[in-house]
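User: I have some questions about how the helices pack in this model. Please give the reasoning behind each label.

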Amino acid sequence: MDLQQRISDRAGEILLFAVTPPRVTTDPERVQQIAEVTLERIRPLDVDGLILYDIDDESDRNPEERPFPFVRTLDPAQFLERNLAGLDVPAVVYRATGKYDESTLRDWVKTQDPAKALSVFVGASSGEKRVATSLRRAQEIRQETNPDLLLGAVAIPERHTAKGDEHLRLIAKQEAGCSYFVSQVVYDVNAAKNLVSDYRYECESRGLQPVPIVFTFSVCGSMKTLEFLRWLGVDVPRWIENELRHATDTLDASLEQAEATAIELMSFCRQLGVPFGINIESVSIRKVEIEASVRLAERLRGKLDR
C-alpha cells in the first residue's frame, strides 16, 4: 500500500525520512552528488516517503542569538525536480507559505501530481512576521487548484503544553483539508502523549476519525545541537540533557533515547487507536550524525507494523 493510500485510509504505520536541500551556494555538480548519495542512503531503508524541508529564517520568533547562523537552502521543489529524478517513493514537499505569493504558490500546486507528491504547508513562525500568503489562504488555494494533492500540517506538542489547545488547531487544520500531521522533533514524550490523547478524545466527541500523526525524531551529536533544538522551540527535558551531557558518546546516547521515546509513543498510539507514523530527520552535514539517523530509521523500521 503506497503512502497516499495509507494516509487516505487513515491507516498506520508510516516510515518517512527527512532531509534539508543543499545550501543555495552549493555548486550544481555537488548538489547532484548530494542528491545521489541521499537516494543511495534511503533505498535500503524501505521508507514510505521522503520529506524535503523548506527552511525559513525564524529569528523573529526567538530574540535570543541563534546557535547556528541561518543559511538559505535550495527550494525543495526545485531540488526534487532537478536532482531527485531517481526517487522511487513519494516526496513530501514542505512549503513555508509566507515565502511565496499567491500566484507562485498556485502555479506550484497546480503542477503537482498527486500520485507522486504530497505537501505540508507551514505558516509564519510568529504573528508579527510579514507574509506573502497566509496559511489559511494557502490551504484554500490547494483546495481550489488541486484538491487531490494530499496536504499535511505541523503538530507542535510544546505548544500544547504551553497553551493547551494544539489539539483544537489540529482539528481546525483537518477541517480545512489536511489529511495528516507531521510533528516537530519529539524529545518530551509526555507532551506528545498529552497531545495525542486530547486530539483522540476531541475527535471522538465531534464524531471525527483521527488522521495519521507522523512523529519526528532526530539524533543529537553535540550539546550545541541540543541548544539549537531548544532555540527552535523543542522542549528537551532536563534528565535527557543530563544524560546526553554526561554520556561517553553523546550521539549514541541520543540515538538510544530517540529509539526508546519512539517505541513508547508508538505503543501509546496503538493503545488509543490513533494512526501514526515515524519520521527520521537527517539535517546535519556531519557524516557521523547522518549515519546515526540512518541507523535509527533501520531500528524503528522493524518496530512498525507495515
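User: Why are α7 and α8 called oblique to each other?
Analyst: This is a predicted model. In it, the axes of α7 (residues 166-175) and α8 (residues 189-206) cross at roughly 55°. Roughly parallel needs an angle under 35 degrees, and roughly perpendicular starts at 65. The angle fits neither range, so the pair is oblique. The axes come within 8 Å, and the crossing is right-handed.

User: Which residues of α7 and α8 meet?
Analyst: From α7, they are E166, H167, L168, L170, I171, Q174 and E175. From α8, they are L195, D198, Y199, E202, C203 and R206. By class, that contact has six nonpolar, two polar and five charged residues.

User: What makes α11 roughly parallel to α12?
Analyst: The axes of α11 (residues 250-272) and α12 (residues 287-301) cross at roughly 30°. The cut-off for roughly parallel is under 35 degrees, so α11 and α12 qualify. Their axes come within 10 Å. This crossing is right-handed. Among the residues in contact are L251, L255 and I263 of α11, and V288, L296 and L300 of α12. The contact has nine nonpolar, no polar and five charged residues.

User: Which residues touch the most other members of the largest nonpolar core?
Analyst: F17, L84, L87, F181, F215, F217 and I278 do, in a core of 65 residues. The largest share, nine residues, comes from α11.

User: What is L87 in contact with, leaving aside its neighbours within four places in sequence?
Analyst: L87 is in contact with L39, I42, L50 and L80. Apart from the largest core lies another, of 16 residues, including L16, V92, Y94 and V154.

How values were computed
Residues numbered from 1 in each chain as written. Predicted model: local features only at pLDDT ≥ 70, side-chain atom pairs only at ≥ 80, totals over all residues. Heavy atoms only, no water. Axes fitted to C-alpha atoms, helices over the stretch in contact; angles between N-to-C directions. Helix = DSSP H or I, 4+ residues; strand = E, 2+ residues; numbered from the N terminus. Parallel < 35°, antiparallel > 145°, perpendicular 65-115°, else oblique. Left-handed = near helix turned anticlockwise from the far one by under 90°. Contact = heavy atoms within 4.5 Å. Nonpolar A, V, L, I, M, F, W, Y, C, P; charged D, E, K, R; others polar. Core = buried A, V, L, I, M, F, W, Y, C linked by side-chain atoms within 4.5 Å. Buried < 20%, exposed > 50% of the residue type's maximum accessible area, 1.4 Å probe, protein only.
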